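Let's go through a protein model together, one question at a time. Have the sequence and the 3D view open as you read.

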Amino acid sequence: FRLCFSHMTFEKVRGPSGLFKIKKWHCFNEGCEKNEDGELNRRVFSLDGRQRVFGRHGVKSILEVAPVEEKNIEMPSGAVPVLSLPEGHVALWYLLEQRGFSANDIKKLDFRWVENPRGAPPFNRLVCPLYAKGENGPFLKGWQARFLRDDGDDVARKELGEIKWYTAAGTRKGSLLYNHANVAQSIVVAVTEGPFDVAGGVGPEAGVALWGKAISKGQRSLLRQPWGGKDSVLVLALDGDAYALKAGLSDSEKKARQREIDDLLQFEAEARKSWSWVIRLIFRADQDPGKTPRAALWNEVYRKLRLMGAETRIPAVSCRVSVLDDRVREPDARFFQVQVPVAASPLNRERRNQ
């Protein structure tokens, strides 16, 4: 549900054989119109006949984009706080015992439980609300629901139409960061992929999530300047495979994934110009922040701060995230590796040359 044709116009142009039309269009989904030989363009052209000349210039002068209407988003009907459920409930077992999250973090993130939600696919039952910070306190801007069966199985089977995460209609993920309301103005911010990464090793005091591996322009804008002012620390805590191309991808999937990797690297380069300290955690390929003990994750941050000559920032970060500095000297091999494989690209080659 991501293809978004917002406007399409035609312009008559006089050529050697008389008048012909140039089709001018713009898709607001990651610049896909730039791929002039792609399947998308072939389908667009077929909508109005074969003989077409592609024009893609002066988009802003051609299009008058209407402002996006803010939708009033509510919690799913019947959603209740997870911590209000009776002892032994599958949601409590899954979050507290299986995932190892603390009750305090579940409360701060306001996780909800809903039985067979209406308006969402079945079994997407653990609701992670997205709050924004307003003048009168946090207010709801959307939510995602995590797949979970009655027996605690969280493996979604695509062949049965099951999906791992369901996003509420109207949630503008590209312009929002999960848990932003709790972390705004923090002297340390840790960027992760999803709500369970924030609830896990990173913690709600410093963790925000992108809702996936890709970073949008809106999210880059939010993170461009240090939230806590001078000497703020930015931690990139993405999954171990965030900078790698998986095997078995088609050519088009590889190109799309490579663009996401390049966007992350470009954002990191931008952040290093504005944030005082930027740290990228290098997880093992099969590891993610949500499965990493909080003490191990933040002690890896402290270790890297010492290597960067920023040991004086450790007490402030430690106070914010409530994790003591154990002064570890080497990465914990159970969770981290020394180097992460980064897919080759012109941007990566340039960075290595520098």
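Q: Are Asp239 and Lys213 buried or exposed?
A: Keep in mind that this is a predicted model. To count as buried, a residue needs under 20% relative accessible area. By that cut-off, Asp239 and Lys213 are both buried.

Q: How far apart are the closest N and O atoms of Asp239 and Lys213?
A: These two form a salt bridge. The pair links distant parts of the chain, 26 residues apart: Asp239 is in the loop between β11 and α8, and Lys213 is in the loop between β10 and α7. Their closest N and O atoms are apart by 4.0 Å.

Q: What is the distance between the closest N and O atoms of Asp241 and Lys213?
A: Asp241 also sits in the loop between β11 and α8, 28 residues from Lys213. Asp241 is buried, and so is Lys213. In their salt bridge, the distance between the closest N and O atoms is 2.7 Å.

Q: Which residues are linked in a network of salt bridges with Lys213?
A: You've just met Lys213 in salt bridges with Asp239 and with Asp241. Both of those belong to the network, and it takes in two further names. Alongside Lys213, the linked residues are Asp239, Asp241, Glu193 and Lys246.

Q: How many salt bridges does the whole structure have?
A: Here's one more example: Arg303 forms a salt bridge with Glu300, with the closest N and O atoms 2.9 Å apart. Both residues lie in helix α9, three residues apart, which is about one turn of the helix. Searching the whole structure gives a salt bridge count of 25.

Q: Why is α9 described as largely enclosed?
A: Helix α9 has 14 residues. Among the buried ones are Trp298, Tyr302 and Leu305, and also the salt bridge partners Arg303 and Glu300. The helix is largely enclosed by the rest of the structure because its buried residues number eleven of the 14.

Q: Which elements do the buried residues of α9 pack against?
A: The helix itself reaches 20 Å from its first C-alpha to its last, close to the 20 Å expected. After the helix comes Gly309, with a positive phi near 80°. As for packing, the buried residues of α9 go against β9, β11, β12, α6 and α10.

Q: Which strands stand at the edges of the open sheet of five strands?
A: The order in this sheet is β4-β5-β6-β7-β8, with antiparallel pairing. A strand at the edge has a single partner, so one side of it is left without a neighbour in the sheet. That describes β4 and β8.

Q: What is the bridge partner of Trp113 in β6?
A: Strands β5 (residues 112–113) and β6 (residues 124–134) pair in the antiparallel sense over two bridges. The partner of Trp113 in β6 is Leu126.

Q: What angle does helix α6 make with β6?
A: Start with α3, which packs on the sheet, touches β5, β6 and β7, and makes about 65° with β6. Helix α6 lies across β6, β7 and β8. Its angle to β6 is about 85°.

Q: How many disulfides does the structure hold?
A: A disulfide is a covalent bond between the sulfur atoms of two cysteines. Cys128 is buried, at 1% relative accessible area, whereas Cys319 is exposed, at 63%. The number of disulfides in the structure is zero.

Note on methods: Residues are numbered from 1 along each chain as its sequence is written. This is a predicted model: local features need pLDDT of at least 70, side-chain atom pairs count only at pLDDT 80 or more; totals for chains, interfaces and linings use all residues. Side-chain values use heavy atoms; hydrogens and water are left out. A disulfide is a pair of cysteine sulfur atoms within 2.5 Å. Buried means under 20% relative accessible area, exposed over 50%, partly exposed in between (1.4 Å probe, protein chains only). A salt bridge is a side-chain nitrogen of Lys or Arg within 4 Å of a carboxyl oxygen of Asp or Glu. Helices (H or I, at least four residues) and strands (E, at least two) are DSSP runs, numbered from the N terminus. Two strands pair if DSSP finds at least two bridges between them. Contact means heavy atoms within 4.5 Å. Axes are lines fitted to C-alpha atoms, for helices over the stretch in contact, and angles run from 0 to 180 degrees between N-to-C directions. The expected span of a helix is 1.5 Å times one less than its number of residues.
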